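Colleague: I have a few questions about pockets, charge pairs and a helix. Please keep the answers short.

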Amino acid sequence: MATNPDVIIIGGGLAGLAGAIHLSLKGLSVTVIEKSSYPRHKVCGEYISNEILQYLNWLGADVSQLHPAHIDKFEFSTATGITTSAQLPLGGFGVSRYVLDNFLYQKAIANGCKVVQATVTDVQFTADLFTVTTSSRTYAAKIVLGAYGKRSNIDQLLSRDFIQKKSPWLAVKAHYSGKFPDNVVALHNFSGGYCGVSKVEDNRINICYLADYATFKQYKNIEEYQQQVLYKNKNLKAIFENSTLLFDKPLTISQISFDKKAPVENHILMMGDTAGLIHPLCGNGMAMALHSAKIASELVLEYFEGSIASRQQLEKSYTKAWNSNFRRRMLMGRLLAKLLRSKIMANQLLKMMIQFPALLPKIIKQTHGKPIVIN
C-alpha cells in the first residue's frame, strides 16, 4: 500500500492538473495518476476563452509565458461556404495542449503534488474510503476526482450509461504552418461535421474537426476524406491547400460521445470532459475543464475543513454547482448541433446572423461563461 494522499486525481489533463495545483496550494496532499507522459499532443480545439485567465493566474500559471495567440474574433461558415463573423465578447487565446499541459504539470510538481504515470485498473469505494489500483500499486484516499477525459476503461468499470452506447463521431487534429489570422477562431461546417481553426504558440495553426464516422469510413484515408468532403466548403479548401502539415500524421480519436454524463459517479467527482463533453460548436471545452476543477477543488477544501459536513452534501453541492455553471452551455451546444446538421436550417440561421449582426455575439455569450471570480 502506497503512502495515502488526501486526494487522488485520475487523469492529468487540464482539469486534473489544475485541481492538483489548487488543492496543493491549500495544503492538501495530492496524487495524480496519468497514463501518458508529458509533453504530449492531444486531440483538442486549443482555444480558451479569457473567462479563465484570472483563475490561471491565481494558480500561479501565467500563460503569457507560453506566448499564446491572442484571439478576439469568431468566424463561422455553413457547409456551402457562406460566412459571417463577430467580435468575441471576452476574447480568448490559443495555446497547444502539448505546451499547456506540460506547463501545468511542472507547476503541480513544484507545488509538491505526486504525479504517477500508470493506468488505473480498478476503483473501489468501501467504508467511506477509496482504493485505486494500478498495475503496480494500490492507493487509498478519502476523495477521488475523475479527470481522465472523454472515455476510458474506468467508465466501463463504473458502468456509466454513455459508455454502453456506440457513438457516431470521431475527431481529427493536427498542427500546420501557413497563413491564418492570429486573432481569429473559425468554425467551418462541412457535410457530416465541423472544423475548428485557430492559431496557437509558435505561429502554428491548429486544425481540429469532428466527423461522422459513417461518412468518414467510406474513404481510404484522412487526406482523401478531407479533399472529397471538407474541401466542398471553400473556406476549408483554401486553408488546407495553403497549409503544410507539421505532424507526421494527424491524430485521431473515435467514439466521441456527447450524451449526458453524471457529474458524480460512485462518489467520484467528475471534472472536465469526464463530467460532460461540450459540443465543438461551443468551442470552449478547455475553459470549462479548468472551471470545473476550481469548483470541485473549492468544495473538496470545504469538506476537509468541515464546513461541508458529509460526503452526501459534498456530492449534492458539486452536482448543483456543475449544473448551474455548465448545463445551459451543454444544452445550447446540442441545440446548435441539431440545427446545423440540417443544411436548410444552417443557411437560415446564417442569413439571420447576417441580417441581425447582434445575434451571433448573443449566441456566443450563451456558450461561454462569465469571467471567473476569485474570492
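Colleague: Which helices and strands each supply at least two residues of the lining of the second largest pocket?

Modeller: Keep in mind that the model is predicted. The pocket in question has a volume of about 350 Å³. Its lining counts 18 residues, and the closest to its centre include R328 and K365. At least two lining residues each come from β3 (47-49), β5 (83-94), α9 (311-340) and α11 (359-367).

Colleague: By class, what does the lining of the second largest pocket hold?

Modeller: Glycine goes with the polar class here. G369 is among the residues closest to the pocket centre, along with H368 and K370. By class, the lining has five charged, five nonpolar and eight polar residues.

Colleague: How many salt bridges does the structure hold?

Modeller: Side chains of opposite charge can pair when their charged atoms come close. The cut-off is 4 Å between a Lys or Arg side-chain nitrogen and an Asp or Glu carboxyl oxygen. R40 and E34 form one such pair, with the closest N and O atoms 3.1 Å apart. The total is 14.

Colleague: Is R40 buried or exposed?

Modeller: Buried means under 20% relative accessible area. Its partner E34 falls below that, at 8%. R40 has 12% relative accessibility, so R40 is buried.

Colleague: What is the N to O distance in the salt bridge of D155 and R160?

Modeller: D155 is buried, at 0% relative accessibility. R160 is buried too, at 1%. Their side chains meet with an N to O distance of 2.9 Å.

Colleague: Which residues do salt bridges that share partners join into one network?

Modeller: Start from the salt bridge between R40 and E34. Shared partners extend the set to one network of E34, R40, R97 and D101.

Colleague: How many residues apart are K150 and D273?

Modeller: These two form a salt bridge, with the closest N and O atoms 3.4 Å apart. K150 sits in the loop between β10 (143-146) and α4 (153-157), and D273 in the loop between β18 (268-270) and α8 (285-305). The pair links distant parts of the chain, and the separation is 123 residues.

Colleague: Within what arc do the buried residues of α7 fall, seen down its axis?

Modeller: An α-helix has 3.6 residues a turn, so residues three or four places apart point the same way. In α7 (residues 234-241), the buried residues are N235, L236, I239 and F240. They line one face of the helix, because they fall within an arc of 125°.

Colleague: Which residue caps the N-terminal end of α7?

Modeller: Look for a side-chain oxygen by the backbone nitrogen of N235. One lies 2.9 Å from that nitrogen, and its owner is N233.

Methods
Residues numbered from 1 in each chain as written. Predicted model: local features only at pLDDT ≥ 70, side-chain atom pairs only at ≥ 80, totals over all residues. Heavy atoms only, no water. Buried < 20%, exposed > 50% of the residue type's maximum accessible area, 1.4 Å probe, protein only. Helix = DSSP H or I, 4+ residues; strand = E, 2+ residues; numbered from the N terminus. 1 Å grid on protein atoms, 1.4 Å probe; cavity = no way out; pocket = protein on both sides within 12 Å on 5 of 7 lines; lining within 4 Å. Points joined across faces, edges and corners; volume = space filled by probe spheres on them. Arc of directions from axis to C-beta. Polar contact = N/O pair within 3.5 Å; in protein donor to acceptor, adjacent residues only side chain to side chain.
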